[in-house]
Each structure stands twice: as C-alpha cells, then as structure tokens.
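Me: I've got a chain open and want to know what backs up the labels people put on it. Can you take me through one part?

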Amino acid sequence: MAKTGLTGSRIRDRRVMMGLRQADLARQAGISASYLNLIEHNRRRIGGKLLLDIAAVLGAEPAHLTEGAEAALVATLRDAASASPGAGAEAETADEFAGRFPGWARLLADQQVRIGRLEQAVEALTDRLAHDPLLAASLHEVLSTVTAIHSASSILVETKQIEPEWRDRFHRNIHEDSARLAEGAQRLVNELDAGQRKEVSLNSPQDELDAFLDKAGHSFAELEGAAVAEDDIEAALAGQSFDTSAAQALARDRLTRLARDAAALPQDRLVTALEAARKAQREAEAPDPTALAADLGVSPALVMRRLIALPQDVAERLLPAAPGLVIADASGTLLYRKEAQGFSLPRYGAACPLWPLFAALSRPVFPIRQAIQLAGRNEGAFLTYAVAEPDHPVRPGADPGLRAHMLIWPQDRLESGSQRVGLTCRICPRVNCLSRREPSIMAREG
C-alpha cells in the first residue's frame with residue numbers, strides 16, 4: 001500500500017482523538033459525510049485543497065496526515081512477522097499498523113531488535129565456548145577443581161573413623177582447592193567479560209590483526225601509490241603496539257599485500273570504473289566485482305580486495321552499502337575477515353560449509369554469484385560473489401596456493417533462489433543439513 005493510502009486512517013484517528021463527529025468534520029470541510037467516510041476508510045485518495053481544508057479543521061500539518069510510517073520501522077515489523085510464521089501476523093498490513101498505532105509499532109520493533117542482539121550474543125558466546133582455547137582451559141580448570149573438592153569432602157563425610165592427621169590433610173586440600181577455584185572462577189569471568197568487548201578480546205595474533213585492520217577501516221592512505229617503500233609500510237604501522245611479534249609480522253605482511261594491490265589497481269582507476277557502473281545501473285544495486293574486473297583487465301579477487309579498502313567517504317558516495325570480505329586458504333581456514341553489517345564472521349570455529357566461499361574452492365578461477373540468507377537469523381539478505389585464485393604464479397608440479405575470496409553485500413530484500421546458510425554448524429538450525437560438521441545447539445527446525 002502506498003504511503004498516501006493511509007491518509008484516511010490518520011484523518012479518522014485525529015478526528016476521534018479530538019472528539020469530532022464525522023458529520024461535523026465533513027460540514028466544515030465542505031464535503032458530504034458519505035464522501036468523508038470513504039476517505040477515512042482509504043477508499044478515496046485525497047490531496048490538494050481538500051487535504052488543506054481538512055488539515056486546517058483538525059489543526060494538523062498536511063504532511064503529518066500524508067506521510068507514511070518510517071520504512072525502517074515497517075521493515076523491522078515485517079522481519080518480526082517472518083521470524084515467527086506460526087504467529088500468523090499479517091506482514092502485508094505492517095504499514096497500516098505502524099501508521100495507526102506508531103507507539104505499539106515502535107515497541108514491537110524495539111523488542112525485535114533486542115531479540116536479534118540477544119541472539120547474536122548467545123551465538124557468539126556459544127562459538128567461544130566451543131572453540132576458544134583460553135576459555136576452554138579456564139572452564140576445565142574450574143570443573144576439575146570442583147571435582148577435587150567434591151571428592152575430598154565426600155571422603156570426610158562418608159568415612160566415620162578417620163585419623164586426625166588424614167582429616168587435617170583433607171581439610172588443607174579443600175582449603176587450597178577452594179582458593180584455586182576462586183582464582184579459576186575469576187579468570188573465567190574475566191574471559192567471558194572480555195568476550196563482550198571485542199577490542200580487548202585478543203587471544204591470538206589473528207585477533208590482533210583483525211582489531212588493527214578494523215580500527216583503520218581496512219583502508220591505508222599511506223599505501224596508495226605506484227611506488228610504496230618500506231618506510232610507508234612502517235608509517236602505517238606507527239603508533240600500533242602489538243602484544244606479540246607474530247601479530248606484528250602478520251600486520252606487516254598484510255600491509256605489504258595491500259600496497260601490492262594498490263599498485264596493481266590504483267584507487268582512481270577503481271573509482272572511475274565505479275562511477276561508470278553507477279550510471280549504467282540503479283544506485284541501489286551492488287556493483288558486480290566480476291564485471292568491474294573484466295572492464296579493468298584485472299582479476300575479480302583483486303577488485304574484491306580493493307573495494308573493501310576504499311576510504312569511508314569514497315565508499316559512502318559510490319557504494320550502496322559497506323561490503324564484507326572473507327578470504328580462506330585451500331583448507332578452509334579463514335585468513336582475512338571484514339564483517340558486513342548483519343553478517344557476523346566466526347572467530348573460533350569453522351565457517352558454514354554451505355558458504356559460496358567453499359564452493360569456489362572446488363571450481364578454481366570460476367566466479368560464483370549467490371544470494372544467501374542466514375538460517376535462523378533476521379539480519380536480512382545478502383548477495384555474495386566468490387572466486388578462488390592462485391596466490392602466486394603457478395609453476396609445474398607446485399602447489400598453486402589457492403585463496404578463495406567471498407565478497408558480501410547486504411541487501412534490502414531476499415532474492416529468488418537464495419540459499420539458506422548458517423554462520424557455523426554449531427549455531428545453525430538446519431538439522432537435516434548434509435554438510436554439517438558439528439552438532440547444533442539450536443533446537444528449532446531449519
């Protein structure tokens with residue numbers, strides 16, 4: 001329904017709120033009561049002088065009567081309806097509901113957003129509990145200490161006659177284990193708290209690298225140029241303190257690769273190609289990296305890496321949304337992660353095997369375009385482009401060193417033929433998935 005189609009409902013609500021009879025409003029507006037009844041039931045469109053006259057009688061701005069509910073609010077309500085199909089909510093009337101009851105609509109939308117955030121927190125915690133080695137070690141220490149205390153106390157309770165020397169020894173063991181339990185529990189709490197703050201939860205060199213790149217927005221002006229020297233890379237690293245030398249080595253290697261990409265595809269060439277692509281298609285459409293690669297005479301993987309390295313102001317001007325990028329080696333290990341909004345990337349466990357990223361590994365150099373939807377989640381739809389290419393020049397008899405790239409575009413609507421995927425097997429509700437590698441903790445059917 002068009003936004004203007006709810007003008008009648010707003011007129012009726014305003015009239016009732018003022019305690020004005022339909023006949024009185026019709027008379028003051030200079031129309032018949034029957035015609036006003038049709039307007040109020042959205043069976044007749046209204047505009048021009050009549051709208052101004054009715055707005056004057058009701059003491060309202062004409063725009064307040066004609067403007068529809070916010071698109072984001074209506075979209076959230078429809079997401080809530082699709083997330084609970086058994087409730088029987090009429091998604092097609094979400095606009096009318098938001099227009100007539102804006103307070104209730106905002107309440108439901110806020111609850112839907114909160115539920116989504118809670119689901120993300122539970123999924124992230126589940127991912128950590130299953131795969132974070134430091135958290136697993138802390139949890140194991142707490143459980144083993146509790147077991148030791150239980151064993152010692154059971155002996156004291158169940159043994160009727162025990163020598164004082166042995167009783168004192170058991171008491172001492174319980175005391176020492178209790179102190180160790182308190183320390184282990186505090187470490188466990190600290191680990192869990194750190195998991196809620198991504199910037200301090202740096203448990204590996206890869207985590208440090210991800211935090212460094214996220215802070216810079218994956219864009220480094222120092223590396224844009226035809227002749228980037230070692231000093232330029234050191235300038236990009238300046239002021240960044242890494243906890244480990246391994247993380248610093250990873251960061252230096254990543255910046256070297258970014259500089260190599262900038263030399264192979266200068267930013268101004270990519271910007272020119274994006275501007276030309278926008279003229280040839282709707283602004284809301286996500287640019288096709290394979291088409292851009294063909295126009296520029298470079299590989300699709302290079303275009304994907306350069307798209308996510310655009311400065312924020314350039315990306316906001318030329319891209320419909322901020323894309324995400326995942327790069328994996330031939331074993332499926334994620335080497336590079338830049339999240340797209342609504343598409344959280346696993347930090348510990350293996351990614352969902354249904355991602356187009358892994359399909360690309362089985363078809364090297366063949367680009368894949370696939371629309372996807374996260375199973376059991378309401379973040380929306382995504383359009384992905386994936387391709388696997390050798391990481392270095394191929395030599396006879398040598399491992400090509402394939403690197404699979406997957407560019408992730410957030411979408412406003414779900415495309416036909418979309419594939420439902422999870423983030424990881426463990427937090428995916430697709431119980432009948434033939435590619436599952438781990439049992440899922442989610443009980444509902446996919």
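Reply: Here is a short run of questions and answers about one helix and its surroundings. This is a predicted model, where local features need pLDDT of at least 70, side-chain atom pairs count only at pLDDT 80 or more, and totals for chains, interfaces and linings use all residues. Residues are numbered from 1 along each chain as its sequence is written, and side-chain values use heavy atoms, with hydrogens and water left out.

Me: What makes residues 230-237 helix H12?

Reply: Helices are DSSP runs of H or I with at least four residues, strands are E runs of at least two, and both are numbered from the N terminus. The chain has 18 helices and six strands.

Me: Which residues of H12 are called buried?

Reply: Ile-233, Ala-236 and Leu-237. Buried means under 20% relative accessible area (exposed is over 50%, partly exposed in between; 1.4 Å probe, protein chains only).

Me: How do you know which side of H12 they are on?

Reply: They span an arc of only 100° around the axis, so they sit on the same side of H12. That arc is taken over the directions from the helix axis to the C-beta atoms.

Me: Why is H12 called oblique to H13?

Reply: Their axes come within 10 Å and cross at roughly 125°. Axes are lines fitted to C-alpha atoms, for helices over the stretch in contact, with angles from 0 to 180 degrees between N-to-C directions. Under 35 degrees is roughly parallel, over 145 roughly antiparallel, 65 to 115 roughly perpendicular, and the rest oblique. Therefore H12 is oblique to H13.
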